[in-house]
Amino acid sequence: MSAPRPRLPLVHGPTPIVRRPALDALVSGVEVWIKRDDVTGGAESGNKLRKLELLLADARAKGATTVVTCGGLQSNHARATALACAAHGLRAVLVLRVADPARARREPIDLSGNVLLDLLAGAQIRFCSPDEYAQRNALLERVAYELAEAGERPYVIPEGGSNGLGSLAYVDAMREVRAQMDLGLAFPEATAGGAFDVVAHACGSGGTAAGVALGAAQHDVARATWAFAVCDDTATFERRIASIALEARGLEPELPELGLAPADEPPTLRQGRARLVVDDRAKGPAYAVMDADQKRFLFEVTRSTGLVLDPVYTGKALFGLAEAASRGEIPRGARALFLHTGGLPGLLAQGEGLREALGEGA
Ligand SMILES: *Cc1c(COP(=O)(O)O)cnc(C)c1O
């Protein structure tokens with residue numbers, strides 16, 4: 001076995017696996033279990049914290065003084081990076097996408113959700129336009145060059161922490177799930193090696209999908225991984241995830257191969273491949289925008305289970321799982337592990353948009 005990878009301790013784990021039986025009825029009779037990666041930490045919580053354990057350890061090992069990363073204005077990844085950097089004495093520079101950067105620089109910034117936490121953490125925010133963001137890797141390299149010229153030692157983390165190294169955190173998360181299953185912390189048959197039919201989660205930059213798909217296959221957690229795209233489309237994410245998985249396998253050669261599959265192909269267990277479905281049918285009207293049905297679903301889930309989803313990622317992903325189940329692509333009685341990836345600050349930045357869905361109480 002290879003030596004364990006350096007890791008900065010950030011995650012409060014293992015995160016619990018829980019049941020909310022009332023949820024099954026909202027997902028067409030699928031038996032839903034929830035892996036609570038929304039509670040990997042406090043304000044810094046969510047799936048990005050797992051990736052940052054590996055990425056920031058690498059930054060440290062390379063002697064970095066400043067971490068540079070990017071995302072949308074309300075990026076959970078940027079916020080987790082800002083807080084984790086503050087905890088470990090690193091500076092954070094966040095390149096955030098806004099519709100009108102000139103205006104954002106001129107006017108006072110809206111201190112809500114993740115942006116408020118970024119600034120509390122002392123991170124430096126730089127705005128970029130959607131066009132500039134389309135070339136984000138080059139943009140991050142330019143910022144890093146500038147910081148190096150100013151005497152800093154920059155370390156670049158790509159969007160979402162989604163490179164090969166970051167994705168390995170989700171291979172490990174699936175190992176963590178398997179250990180919980182073996183201990184009897186999921187359904188009874190799991191202690192005798194039984195697996196979930198599907199593990200499902202939201203997909204925004206692809207690193208979680210790559211790691212979950214490879215890890216779920218390697219550790220016999222589930223027959224298939226369903227990644228619900230919240231932006232772009234299936235073909236784009238299939239390419240991106242395949243490339244991240246390739247990079248991950250370069251770091252960990254014993255990982256299985258990634259097998260992309262259409263949504264309507266019946267799952268089979270242990271083909272020696274990590275079967276991944278990328279489903280873009282639940283992404284809604286636009287990135288971070290939900291339609292009325294999705295908003296009502298998000299409200300229904302919290303009202304009946306006490307679980308809080310977010311409008312950018314987890315609300316759309318669980319809605320997508322419910323849709324796939326209602327179409328019969330995931331049969332009634334199947335066991336699904338829903339990976340709750342966090343995102344609460346994004347919800348709190350979008351309260352007004354939910355007024356209509358809340359109905360009489362709002
Ligand atoms: C970033 C994020 C995701 C998506 O993870 P990726 O690895 O970027 O695909 C899902 N849910 C939440 C809450 C996130 O912040």
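Student: In strand 4, which residue is the bridge partner of Thr 66?

Tutor: The partner of Thr 66 is Arg 91. Keep in mind that this model is predicted.

Student: How do you know that strand 3 and strand 4 are paired?

Tutor: Pairing needs at least two bridges between the strands. Strand 3 (residues 66-72) and strand 4 (residues 91-97) are joined by seven bridges, so they count as a pair. The two strands run parallel.

Student: What sheet do strands 3 and 4 belong to?

Tutor: They belong to an open sheet of four strands, in the order 5-4-3-6, with parallel pairing.

Student: What makes strand 5 and strand 6 edge strands?

Tutor: Strand 5 (124-128) and strand 6 (154-156) each have a single partner strand, so one side of each lacks a neighbour in the sheet. From one strand to the next, the twist averages 25°.

Student: Let's turn to strand 7 and strand 8. How do they run, and how many bridges join them?

Tutor: Strand 7 (residues 196-203) runs parallel to strand 8, and seven bridges join the two. One of the bridge pairs is Val 199 with Thr 225 of strand 8. With helix 9 (residues 207-218), the two strands make a right-handed β-α-β unit.

Student: What makes Thr 225 a buried residue?

Tutor: Buried means under 20% relative accessible area. Thr 225 has 1%, so it is buried. Its contacts beyond four places in sequence include Val 199, His 201, Val 212, Ala 213 and Arg 275. As for strand 8 (residues 222-229) overall, seven of its eight residues are buried.

Student: Asp 220 is in the loop between helix 9 and strand 8. Why is Asp 220 called partly exposed?

Tutor: Partly exposed covers the range between under 20% and over 50%. Asp 220 has a relative accessible area of 24%, so it is partly exposed. Its phi is near 50°, a positive value in a residue other than glycine.

Student: And why is Ser 28 called partly exposed?

Tutor: Ser 28 has a relative accessible area of 23%, so the partly exposed label applies. Ser 28 is in the loop between helix 1 (22-26) and strand 2 (31-36), and its phi is near 50°.

Student: Why is Tyr 313 called buried?

Tutor: Its relative accessible area is 18%. The cut-off for buried is under 20%, so Tyr 313 is buried. Tyr 313 is in the loop between helix 11 (292-305) and helix 12 (314-326). Leaving out residues up to four places away in sequence, Tyr 313 touches Asn 76, Ala 202, Gly 204, Val 230 and Tyr 287.

Student: What makes the link between the side chains of Tyr 313 and Tyr 287 a polar contact?

Tutor: A polar contact needs a pair of N or O atoms within 3.5 Å, one able to donate a hydrogen and the other to accept it. The polar contact that joins these two side chains is 3.2 Å, so its distance fits that limit.

Student: Why are helix 11 and helix 12 called roughly perpendicular?

Tutor: The two helices pack at an angle of about 95°, with their axes 10 Å apart. Roughly perpendicular means 65 to 115 degrees, so helix 11 and helix 12 qualify. Among the contact residues are Phe 297 and Leu 298 of helix 11, and Leu 318 and Phe 319 of helix 12.

Methods. Residues numbered from 1 in each chain as written. Predicted model: local features only at pLDDT ≥ 70, side-chain atom pairs only at ≥ 80, totals over all residues. Heavy atoms only, no water. Buried < 20%, exposed > 50% of the residue type's maximum accessible area, 1.4 Å probe, protein only. Right-handed = clockwise from strand over helix to strand, strands pointing away. Contact = heavy atoms within 4.5 Å. Axes fitted to C-alpha atoms, helices over the stretch in contact; angles between N-to-C directions. Parallel < 35°, antiparallel > 145°, perpendicular 65-115°, else oblique.
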